[in-house]
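Thanks for making time this morning. I would like to talk you through one structure, beginning with a single side chain and working outwards from there.

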Protein chains: 2
Amino acid sequence: MVLLCVGRVGVLLYFVGLGLSAKDISLRALSVLNSCDIVYLDSYTSILAEGGLDEIRRLIKPGKLAVVGRDFLEEHVEEILRKAEERRVAIAVIGDPFIATTHISIRVEAAKRGIKTSVIHASSILSAAISESGLQAYKFGKSATIVFPEKDYRPTYPYRVLLENLMRGLHTLFFLDFKAERGASMTIRDGLSLLLEMEREEGEGVLDEGCLAVGLSRLGSEKSITYAGSFKDLQIYDFGPPPHTLIIPGILHPMEEEALIYICRAPKKVVKEWTRRATAIKLRGTLKG
Amino acid sequence: MVLLCVGRVGVLLYFVGLGLSAKDISLRALSVLNSCDIVYLDSYTSILAEGGLDEIRRLIKPGKLAVVGRDFLEEHVEEILRKAEERRVAIAVIGDPFIATTHISIRVEAAKRGIKTSVIHASSILSAAISESGLQAYKFGKSATIVFPEKDYRPTYPYRVLLENLMRGLHTLFFLDFKAERGASMTIRDGLSLLLEMEREEGEGVLDEGCLAVGLSRLGSEKSITYAGSFKDLQIYDFGPPPHTLIIPGILHPMEEEALIYICRAPKKVVKEWTRRATAIKLRGTLKG
């Protein structure tokens, strides 16, 4: 209780997860946001699956919410922390904080100055995508983000992550790029095309249009879609508006095969053929390793 | 709209995530649970970090909630599905559905019979533990559950998962066992001791009391604790009541080192020493691979 003497008790910077859609907000998040003097809402890391920021705005007492972009949260850390030393401040983000965001540096900076921080958890694309796919959570390997290629920058990093996971029989979750500044959200179709391009570049002979993938869109909303099939099936399927997410399974347990067939509506033939191929890729990994 | 003719529209089985604590419940989950005729609440897969099932009970209109154990949800699938064909039924679980639970077989069975299912997402230990640790989400490899050893069953599987991740420089998240039938929840101390036992058995010379770990307890509650340090530090630290979770980091980025030191209060020396050791283990993996 020494802290009482220096007037620090009650000094709190909250990182509040809003969940995947406006209705995913929790009782705790609502109560914390309404107890704060200032709420900065990050509008650039991701987008809500359903309901706009206006819907969030309506849930919070008027006058305290500031919707901020990338520049603000990166360049005004000093200002945010100064305010947090005097008033209750929250940084609200879509999903669970620190999963898809880079605000950890703000939390570290706050801790260095003795500002207590607290995280309010919420639904996250990480667990939601795994949950909806019916695949087993503990069989996912490293994940990666597929980014929009730039003129001189066409990274094959996601392909190498996938290959490494497949050689261990593991599933891979791909986050798809979101560029708030130009309102561009990568689609499942784009993501699959980019993976096939990387295959051509790296030439490991692992991916083609017959491979199995799971496409997931707008998870957390009433209009969410989960659909599994070959790359070719998914490239012509209409997943609707963003956000989109992609999973490439590794070796499938019979119960996972059933989940993909009955819940994600994957053609049985594509699933069975992939199980055969994924087993062969893993064997190649074992022989190599 | 052909479905209207066969009277199937509106037939819905919901899988509702309650989040990590009673206050983590979302507006959507509340509205769905209160729109259902029957709510089965799974009381055996995990425990709430804060607030009891009574608190959940108070949020739901009286008379429709049944708290059920393992036997019921495993043996009464037929009964649950029959009810879902006539009335709105929800299965409510702690966390995000299908992450720590095995109810996917109920969902598959429902799909086979043409019963529409829907998942309501919530905060999950998977994203919450990653988020609180300050470690980067995409650097986690495969995860595993450390289970209570039985007389003739002392699996070293979690150790092998850890070793595989470390050889790739990746972090490992360990779920700790929970045995509802005897109210036993594994502690961080138990988990670390078991890992050290597995080291002695497997003899790979990777783990000892000086290794770095992150212990997390009651995430999602106001009394959550996150504390990082050597195995030895964590084995004498009081993390309080369950649920507990454990992370063993792989190679650390400088920002991750800072997060462990400033947010998780890890001794700088332990972190720096671990970065050196984790790099050596990865090198060993590269040479071997």
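**A lysine, its surroundings, and the two interfaces**

Let me begin with a side chain in chain A: a polar atom of the side chain of Lys139(A) lies 2.9 Å from the backbone oxygen of Ile251(A). Please keep in mind throughout that what you have in front of you is a predicted model.

The side chain of Lys139(A) has a second partner as well, since a polar contact of 2.5 Å joins it to the side chain of Glu256(A). As for where this residue sits along the chain, Lys139(A) belongs to the loop that runs between helix H6 (125–133) and strand E6 (144–146) of chain A. Is Lys139(A) buried or exposed? Its relative accessibility is 13%, and because buried means under 20%, Lys139(A) counts as buried. If we leave out residues up to four places away in sequence, Lys139(A) touches Leu170(A), His171(A), Ile251(A), Leu252(A), His253(A) and Glu256(A), and from the other chain Lys142(B).

That last neighbour takes us to the interface between the chains, where 54 residues of chain A are in contact with 53 residues of chain B. Together the two chains bury about 4,500 Å², with 60% of that area coming from carbon and sulfur atoms. On the side of chain B, Arg28(B), His121(B) and Arg168(B) supply 17% of the area buried against chain A, which is more than any other three residues give.

How many salt bridges does the rule find across the interface of chain B and chain A? There are ten salt bridges, and across the interface of these chains the rule also finds 25 residue pairs in polar contact, counting pairs with both residues at pLDDT 80 or more. As to which elements take part, helix H1 (27–35), helix H5 (104–112), helix H6 (125–133), helix H7 (157–167) and helix H10 (254–263) of chain B each supply at least two residues of the side that touches chain A. By residue class, that side of chain B divides into 24 nonpolar, 14 polar and 15 charged residues.

I would like to pick out one salt bridge, the one that Glu132(A) forms with Arg107(B), in which the closest N and O atoms are 4.0 Å apart. Arg107(B) has its place in helix H5 of chain B, and with a relative accessible area of 5% it is buried. Within its own chain, the side chain of Arg107(B) makes a polar contact of 2.9 Å with the side chain of Thr117(B). Setting aside residues up to four places away in sequence, Arg107(B) touches Glu132(A) and Ile263(A) in chain A, together with Phe15(B), Phe98(B), Thr117(B) and Val119(B).

Finally, let me turn to the contact inside chain A, which is divided into domain 1 (9–123) and domain 2 (126–288). Twelve residues from domain 1 of chain A and 13 residues from domain 2 of chain A make up the contact, and the C-alpha centres of the two domains lie 31 Å apart. Between them these domains bury about 910 Å², 68% of it on carbon and sulfur atoms. In domain 1 of chain A, the residues that lose the most area to domain 2 are Ile47(A), Ala49(A) and Glu50(A), together 48% of what that side buries. The count of salt bridges between the two domains of chain A is zero, and that of residue pairs in polar contact, with both at pLDDT 80 or more, is one.

Technical notes: Residues numbered from 1 in each chain as written. Chains lettered and ligands numbered in written order. Predicted model: local features only at pLDDT ≥ 70, side-chain atom pairs only at ≥ 80, totals over all residues. Heavy atoms only, no water. Domains from an automatic or database assignment. Contact = heavy atoms within 4.5 Å. Buried area = accessible area lost by both parts, 1.4 Å probe. Salt bridge = Lys/Arg side-chain N within 4 Å of Asp/Glu carboxyl O. Polar contact = N/O pair within 3.5 Å; in protein donor to acceptor, adjacent residues only side chain to side chain. Helix = DSSP H or I, 4+ residues; strand = E, 2+ residues; numbered from the N terminus. Nonpolar A, V, L, I, M, F, W, Y, C, P; charged D, E, K, R; others polar. Buried < 20%, exposed > 50% of the residue type's maximum accessible area, 1.4 Å probe, protein only.
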